[in-house]
Amino acid sequence: MDGVSGAGPGGAQEELIARIKSAMAGRKQIEVAEAAGIQPSTLSNLLSAKAVPTLTTLDLLARALGVTGPALVELRRLRERADVRNRRIDGYLAAALAAARDHPYAGVLPGTAPPLAAVYVRQRVRRSQAREATWVGEAVAPPADELPADEVLAGGRTCVVMAGPGGGKSSLLRTWLAQETGHLLAGRGTGRVPVLVPAAALVHAPPANALADYVNAEYEGLMKGVPPDFFAAEPQPGAVWLVLVDGLDEVSQAAARQKVLRRLAEASRSEHAGPYRFVVATRPLPDTELDLLGSDVPRYDLQPFGRDDLPVVAEGWFRTLSVPDPAATTGRFLRALDRTRLAALAHVPLMTAMLCQLHAAAPDRPLPAGRGQVYEEFIDLLTRHQHRAGPLRAAEATGEAAAEAALDRLPDLIARLAAERHAGNERPALDILCEQPEARRPARVHEADWRAFLDTAARRSGLLVARGGDLVFLHQTLLEHLAARHAVRDRRAGVRAIRRAFHRYHFCNPGLPLTPYAPGTPPGVWPRVWLLRYWQPPEDISYVAFLLDAAHGAGLDPRRSPLRRLASRGGLPGWVFVAALARMGTRLPDDVVRGTAEALHTFSLGGHHYHGLAPAAAALADLGDPRGPDRLHALAAHASDSRHERLPAVQALIARGDPRAPGLLRALSLDTRVEAYVRTRAAELSAGLDDPGAAGLFHALAADPNSNGQARVGFAVAAAALGDTDATSALRILIRDTDACDRLHLAAAEGLTGLGDPGGPGALAAVARCARANAYSRLRAARVLAASGDRLGTDVLHELGRSPDFPLSDQLHTAHLLAGHDPERAADVFHALALDLEPPPNDGPAGSGPRPRGSDGTHRQRDRVAAARELAALGDPRAPGILQGILDDPEVDGLPRVTAAAALAGLGHPGAADHLHALVWSVRHTLAVRMEAALALAGAGDRRSTHALHLLARCPKAWDPSRVAAARALVSLGDPGAADLLRALPALFDPQLLGDHRQEFERLLEETGNASSP
């Protein structure tokens, strides 16, 4: 994945061999192998391209050949590039990039897709908080600020991205796939390899198998399919697969969706999880479903185009479509939008694309009046566009008359297919098409010819694409529109479809006491009489909106309008549903709009109830009623209103561009009677609106003693970032507060230091030297102080490293940090820790040295050895003697003794290898200790380890990862029996763990010159 100059994936191995041969300069292979300490067969396999060397083998060769510096770095990169798995990954990346670029985009006429730069606006997301199970589904905790969507994907963390129909979810994933695969192929790796898969592909198979099956079926540019376990291992050491799961909501059965989410959760969280991170794109789903992925998994709402984005995108479309004077056309287009019910919906990316193309095709024609008409006209435009490429002719083998009849009825056939899919029919699309009377195969036509004809015709429609051996609709909304159109093909069918969608009633269960807002019945339903029915809105608003538009277009007007039932007996959920339909541009009866508006206005005035006032006022605004924004303003400004209503009310005003919102935010943030998170969120929103008073709001929060201590530090930093010159005063108050905990003192001191305050270093030093503070706070204070470049930081680190009241393990960590700033003083600390010495007491006699620690259990064998190893790494001449002393200490045993002997062997000590060899065959030690000793002996290049490694790896009680390490060591040593061990190991493995190591087995076998599977 890393770019290698002059060598593509296929030529990296050849160039690696050429460079090694050049460095050999005519020397014999056996001579070079002996000098490198490897088997001659290993070098022979390498030079004959039968195997790619391990990194250890390559380094041994380089040392023997005198290759160092940049030349050695280039050899290592070529080796990585030549690895079989790397070549497979490069092949996958190239195929994925081609597929992402070639895949047709929904809402775009074939052949007219604009360059990404022409119409691309960086999409943004907003963090969604976990929602309470309230009737109105409002978030109790406010969402976070917006941030670029690509930053969320780049974060490499499992998350969920949600948006409504046509909100740009699929386009976001495909754009990211193309961008990241291009970067990886160019050598700009990020440690995340993206792979796109529809959620439906994960229903019947676990992620690794499903990904391999999907990629092999869909990526035509993949010359050789990936093996079944290709996605079971990490793409590269330390890298992960970023699995982009598209269309979870398109899995129609809730049980199947839940199965997918459980599989993803298991794959990303289990003890032996594969190296996966998941980005799940979906329409909003119930929280109870998404919680299966993990309640802590972040969820983001993909935002529509902003007010400033739409003109930019529209003009880009018109330039791409070669419309004369794109700027003027954009102005006319935006004015025409304002005269329709589509002004809000036009900010949805898919709707923007379709409307721009419709306007470019007929600039003098009025824009469609509603969402359903947009889809109707775009499909007509798509059909005309496809016919311009040449009509599909029926071959003689298909029966020309029957074929022409099927072509004439093709729109109805596809609409019937859409209806079947919407109803949950998952049979192959061609089977459903072929069984329709209008597409019945003539008797004299061969079935394969007829199916091929229908397949070509369906794909030529521009509505369907091939995926996974089947035909799927290019976009879910196209399926919904066509299914709705089929549902109203006649009056009786239309009435049945509307009844099925809306006939969702429940009986009142007022609960006790009988109050206007009692559990059991939604707010707004009144009177609450036992067993009196109320109506719940449909769940699938996108399809229902298309159904109502199609019914209106067909002249269908049911005698008992379900919308009127919702307006009268649907309560707040029903009214909000009607308002959402209006916001989508759906045609609604005037009396329904009036009745809903009056109900919403009355409810938003409050009275005996308080829950849901802001959603009611916002829905009233969605209906275009001017009383809606006024009620939102009143709720946000009224100090006695519920804490649950003020913030949602002002957020709704911000979303509608109300100029009163900034003043309301300032008042809300400064109101000390309001809960802290509401005040904080108000200040954040104020800053997001570029309000010049936002800095003062954060300063007030930082200075408020009732604010959370840790949060006060963040408030002060935020105030400083917004230009508050006195923000540090609140931090200094916190530092002087003797009742505050040490972590709060630490946070305040860090804040001061980060803001460049001259008192910051001293405050950090005070925390680090405070014996009453916990070890974490002291160590972090010292680390931050040293990282700031202040000399005081190294002094404090040295003091902590030698402090008798500091835990030994933390002293080691301190010495590690000190080594990065002052190696000489770090060596002093490591030396004392390795000898397990205490510093002299402050009141001891002059010239007295360190004293050995008592033998009361304070000895830490592992930490002593670690300190001695670090001392050796610093090149300190005292290290060999200390390591030898540790080996001579009878209290040091087990793994610490192995580690000390290995460190001593690494320094070239003559007796260290013998010590390791003795440990290998010491029966009083555990199997794990003996295995580690054998691996350390192999790491030292001692061939006495080979026999022990063979025996220990085959031991029934051996740990599986240790078996793999033993095989890896034997391959590095060029042991001729390594291949036999690799073939024998799978039978000894835990079956559940074997898949994790199969790729490693294959690679090691290739290095031995035997590529057959173990």
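**Salt bridges, turns and a cavity in a predicted model**

A total of 44 salt bridges is counted in the structure, which is a predicted model. A little background helps here: side chains of opposite charge can pair when their charged atoms come close. A few of these pairs are worth following one by one in the structure above.

Arg 299 and Asp 291 make one such pair, with their closest N and O atoms 2.3 Å apart. The two partners sit in different surroundings. Arg 299 is buried, because its relative accessibility is 6% and the cut-off for buried is under 20%. Asp 291, at 35% relative accessibility, counts as partly exposed.

Another salt bridge joins Asp 671 to Arg 646, and here the closest N and O atoms are 3.1 Å apart. This pair connects distant parts of the chain: Asp 671 belongs to the loop between helix H30 (661–670) and H31, while Arg 646 belongs to helix H29 (residues 643–655), and 25 residues separate them. Both Asp 671 and Arg 646 are buried.

Helix H30 also takes part in a salt bridge, through Arg 666. The side chain of Arg 666 meets that of Asp 691, at 2.4 Å from N to O. Asp 691 lies in the loop between H31 and H32, so this salt bridge ties together parts of the chain that are 25 residues apart in sequence. Asp 691 is buried, with a relative accessible area of 11%, whereas Arg 666 is partly exposed at 33%. Beyond single pairs, there is also a network of salt bridges, which links Arg 791, Asp 795, Asp 822 and Arg 825.

The loop that holds Asp 691 also holds Asp 690, between helix H31 (676–688) and helix H32 (694–703). Asp 690 has a positive phi of about 60°, although it is not a glycine. With a relative accessible area of 66%, Asp 690 is exposed. Ser 322 is another non-glycine residue with a positive phi, again of about 60°. Its place is the loop between helix H13 (309–320) and helix H14 (326–338), and Ser 322 counts as exposed at 62% relative accessibility.

What about cysteines? The count of disulfides is 0. Cys 159 is buried, at 1% relative accessibility, and Cys 770 is partly exposed, at 21%.

Attention now turns to helix H4 (residues 55–65), where Thr 57, Leu 58, Leu 61, Ala 62, Ala 64 and Leu 65 are buried. These residues lie on the same side of H4, because they cover an arc of only 160° around the axis. Just after H4 comes Gly 66, which takes a positive phi of about 75°.

Thr 57 appears once more in the lining of the largest cavity. As background, rolling a probe the size of a water molecule over the atoms shows where empty space is left. The model has 5 cavities of 30 Å³ or more, and the largest holds about 50 Å³ of space. Besides Thr 57, its lining includes Thr 42, Asn 45, Leu 46, Ala 51, Val 52, Pro 53, Thr 54 and Glu 1007. Helix H3 (residues 40–47) provides the largest share of this lining, with 3 residues. By type, the lining residues divide into 4 nonpolar, 4 polar and 1 charged.

Terms used: Residues are numbered from 1 along each chain as its sequence is written. This is a predicted model: local features need pLDDT of at least 70, side-chain atom pairs count only at pLDDT 80 or more; totals for chains, interfaces and linings use all residues. Side-chain values use heavy atoms; hydrogens and water are left out. On a 1 Å grid over the protein atoms alone, a cavity is a set of points where a 1.4 Å probe fits but cannot get out, and a pocket is an open set with protein on both sides within 12 Å along at least five of seven lines; lining residues have an atom within 4 Å of a point. Grid points are joined across faces, edges and corners, and a volume is the space filled by probe spheres set on the points. Helices (H or I, at least four residues) and strands (E, at least two) are DSSP runs, numbered from the N terminus. Ala, Val, Leu, Ile, Met, Phe, Trp, Tyr, Cys and Pro count as nonpolar, Asp, Glu, Lys and Arg as charged, and the others, Gly among them, as polar. Buried means under 20% relative accessible area, exposed over 50%, partly exposed in between (1.4 Å probe, protein chains only). The arc is that of the directions from the helix axis to the C-beta atoms. A disulfide is a pair of cysteine sulfur atoms within 2.5 Å. A salt bridge is a side-chain nitrogen of Lys or Arg within 4 Å of a carboxyl oxygen of Asp or Glu.
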